[in-house]
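Here's a quick briefing for anyone meeting this structure for the first time. Have a look at the sequence and the model, then read on.

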Amino acid sequence: MKTITSRDNAQYKDLKHLATSSQARRKAGRTLLDGVHLCETWRQLRGHPEQCIVSEAALHNPEVAAIVAGLEAEHAHVLCLPDALYAALSQVEHGVGIMFLVETPQRATPAALSVNAVLLDNVQDPGNVGSILRSAAAAGIREVWCSPGTAFCWSPKVLRAAMGAHFVLDIFENVELAPLLDGAPIATLATSGYATQRLYDIDLRQPVAWVFGHEGQGVSDQLLGLARHQVVIPHLGQVESLNVAACAAVCFFEQVRQNLD
């Protein structure tokens, strides 16, 4: 186990930059997984992290100590930081004091849509993006395609909201969505509060690419025009519309319901 005690240490400065800058994470192709759940899920599904970072106090936590012991037995890299230095990296309030430094998975981009997928058009709130990823993974959806205006999927807030869903999804970012929809070989459905076709009247027992849009503006007119179906989720009450993450969950599990019947 290596220990760093100085804020001026070059390695610590690199970690601090990754922890505080989305641009740095994108450029480096690395991110930080903060907390026991994300770290354990990564180990189960992806193996060793590039590095495990722990606070001194966390070494007294049985869950953290077990993870560290397992990694050291496998000769993985573990870095211990004084509590104050660790706190400057972590964005989790009252966290347990463990994070993994990992490479952001890079996927070969498929030429066309062919399996159940989600297309996010300028969805900007990290909590919404993370919730959509979590619901997508739970519903057995394989791919997530994000437009340039969508929140960075490997940011700390999205990672925390998704609760490990990243590790079972193929995520493609900074993608122009219009060419994917134009002549797509599978059904494409965009949600719109102005649509006349109900979600529940569509046959979803086939691969579907779901299109969800910006929290306030919805799916762009261009993508609405390219989608094979525009659908609305009927609802009661006086609210104007559903939150985009709630809307996505309803759509995904209607597809699950139809395929289970």
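In which loop is Asn122 found? Asn122 sits in the loop that links strand E6 (117–121) and helix H6 (126–138). Keep in mind that this is a predicted model. The notes below cover two residues with an unusual backbone angle, then a pair of helices that pack together.

**Backbone angles in the loops**

- Most residues other than glycine have a negative phi.
- Asn122 isn't a glycine, yet its phi is positive, at about 60 degrees.
- Met163 isn't a glycine either, and its phi is also positive, at about 55 degrees.
- You'll find Met163 in the loop between helix H7 (156–162) and strand E8 (170–172).
- Met163 has a relative accessibility of 36%, so it counts as partly exposed, a label that covers values between 20% and 50%.

**Helices H3 and H4**

- Helix H3 (residues 36–46) packs against helix H4 (residues 62–73), with 11 Å between their axes and an angle of about 30 degrees.
- Angles under 35 degrees count as roughly parallel, so H3 and H4 fall into that group.
- The crossing of H3 and H4 is left-handed.
- On the H3 side, the contact is made by Val36, Glu40 and Arg43.
- On the H4 side, Glu63, Val64, Ile67, Gly70 and Leu71 take part.
- Sorted by type, the residues of this H3–H4 contact come out as four nonpolar, three charged and one polar.

Terms used. Residues are numbered from 1 along each chain as its sequence is written. This is a predicted model: local features need pLDDT of at least 70, side-chain atom pairs count only at pLDDT 80 or more; totals for chains, interfaces and linings use all residues. Side-chain values use heavy atoms; hydrogens and water are left out. Helices (H or I, at least four residues) and strands (E, at least two) are DSSP runs, numbered from the N terminus. Buried means under 20% relative accessible area, exposed over 50%, partly exposed in between (1.4 Å probe, protein chains only). Axes are lines fitted to C-alpha atoms, for helices over the stretch in contact, and angles run from 0 to 180 degrees between N-to-C directions. Angles under 35 degrees count as roughly parallel, over 145 as roughly antiparallel, 65 to 115 as roughly perpendicular and the rest as oblique. A crossing is left-handed if the near helix is turned anticlockwise from the far one by less than a right angle, and right-handed if clockwise. Contact means heavy atoms within 4.5 Å. Ala, Val, Leu, Ile, Met, Phe, Trp, Tyr, Cys and Pro count as nonpolar, Asp, Glu, Lys and Arg as charged, and the others, Gly among them, as polar.
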